[in-house]
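Here's a quick briefing to read alongside the sequence and the 3D view. Have both open, and pick out the residues as they come up.

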Amino acid sequence: AEGRAATSWLTDRLRAAPRLLARTVKDRREKFGRWLVVLYEVDPTGAVAANVNADLLAAGHARLKGYR
């Protein structure tokens, strides 16, 4: 149920965003070397309006996890 609620929240958020900016980073700290993405909502002037990842955390749909 938690996954469905998070998916619904994120889907609604992304559909409502006028524009998005994705910044990727290769995570060299963990053994699989995954690519991570930070999504930003961009306003009509091109300025970053919100960090979607941070909002997902604030809404309680994600947890911050550190890897060694």
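What follows is a short tour of the fold, a buried charged pair, the strand pairing and the main pocket.

Keep in mind that this is a predicted model. The protein chain has two helices and three strands, and from the N terminus they come in the order α-β-β-β-α. A good place to start looking is Glu41, which sits in strand S2 and makes a side-chain polar contact with Arg13.

**Overall layout**

- The C-alpha atoms of the protein chain fit a box of roughly 40 × 30 × 15 Å along the principal axes.
- Of the 68 residues in the protein chain, 19% are buried.
- Take the contacts between residues at least 6 apart in sequence: 31% of them join residues at least 24 apart.
- Helix H1 covers residues 2–16, strand S1 covers 19–26, strand S2 covers 35–42, strand S3 covers 48–51 and helix H2 covers 52–58.

**Glu41 and Arg13**

- Glu41 is part of S2, while Arg13 belongs to helix H1, so this pair links a strand residue to a helix residue through a side-chain polar contact of 3.0 Å.
- Is Glu41 buried or exposed? Glu41 counts as buried because its relative accessibility is 17%, and the cut-off for buried is under 20%.
- Arg13 comes in at 18% relative accessible area, so Arg13 is buried too.
- Once neighbours within four places in sequence are set aside, Glu41 has contacts that include Arg13, Ala17, Pro18, Arg19 and Leu20.
- Further along the chain, the contacts of Glu41 also include Ala47, Val48, Ala49, Ala50 and Val52.
- Counted the same way, leaving out neighbours within four places, Arg13 is in contact with Glu41, Ala50, Val52 and Asp55.
- Ala50 and Val52 turn up as contacts of both Glu41 and Arg13.

**Around Pro18, and elsewhere in H1**

- Pro18 is in the loop between H1 and S1.
- Pro18 has 53% relative accessibility, which means that Pro18 counts as exposed.
- Which residues does Pro18 touch, not counting those up to four places away in sequence? They are Glu41 and Val42.
- Pro18 and Glu41 are 23 residues apart in sequence, and their C-alpha atoms are 7.5 Å apart in space.
- Back in helix H1 you'll find Ala5, which counts as partly exposed at 36% relative accessibility.
- Between Ala5 and Arg15, ten residues apart in sequence, the C-alpha to C-alpha distance is 15 Å.

**How the strands pair**

- S2 pairs with S1 in the antiparallel sense, over eight bridges.
- S2 also pairs with S3, again antiparallel, over three bridges.
- On the S1 side, Thr24 is opposite Val37 of S2.
- On the S3 side, Tyr40 is opposite Asn51, and Val42 has Val48 as its bridge partner.
- The hairpin of S2 and S3 has five residues between the strands, and Gly46 there takes a positive phi near 100°.
- In a regular strand, side chains alternate between the two faces of the sheet.

**Tyr40 in S2**

- Tyr40 lies in S2 and has contacts with residues that include Arg19, Leu20, Leu21 and Arg23, not counting those up to four places away in sequence.
- By the same count, Tyr40 also touches Val48, Ala50, Asn51 and Val52.
- Tyr40 and Arg23 are 17 residues apart along the chain, with 8.1 Å between their C-alpha atoms.

**The largest pocket**

- How much space lies in the largest pocket? The figure is about 640 Å³.
- The largest pocket is lined by 22 residues, and those closest to its centre are Leu36, Val37, Asn53, Arg63 and Leu64.
- S2 and H2 each contribute at least two residues to the lining of the largest pocket.
- By type, that lining splits into 14 nonpolar, two polar and six charged residues.
- Val37 links two of these topics: Val37 stands opposite Thr24 in the strand pairing and is among the residues closest to the centre of the largest pocket.

Note on methods: Residues are numbered from 1 along each chain as its sequence is written. This is a predicted model: local features need pLDDT of at least 70, side-chain atom pairs count only at pLDDT 80 or more; totals for chains, interfaces and linings use all residues. Side-chain values use heavy atoms; hydrogens and water are left out. Helices (H or I, at least four residues) and strands (E, at least two) are DSSP runs, numbered from the N terminus. Buried means under 20% relative accessible area, exposed over 50%, partly exposed in between (1.4 Å probe, protein chains only). A polar contact is a pair of N or O atoms within 3.5 Å; within protein, one must be able to donate a hydrogen and the other to accept it, and residues adjacent in sequence count only if both atoms are side-chain atoms. Contact means heavy atoms within 4.5 Å. Two strands pair if DSSP finds at least two bridges between them. On a 1 Å grid over the protein atoms alone, a cavity is a set of points where a 1.4 Å probe fits but cannot get out, and a pocket is an open set with protein on both sides within 12 Å along at least five of seven lines; lining residues have an atom within 4 Å of a point. Grid points are joined across faces, edges and corners, and a volume is the space filled by probe spheres set on the points. Ala, Val, Leu, Ile, Met, Phe, Trp, Tyr, Cys and Pro count as nonpolar, Asp, Glu, Lys and Arg as charged, and the others, Gly among them, as polar.
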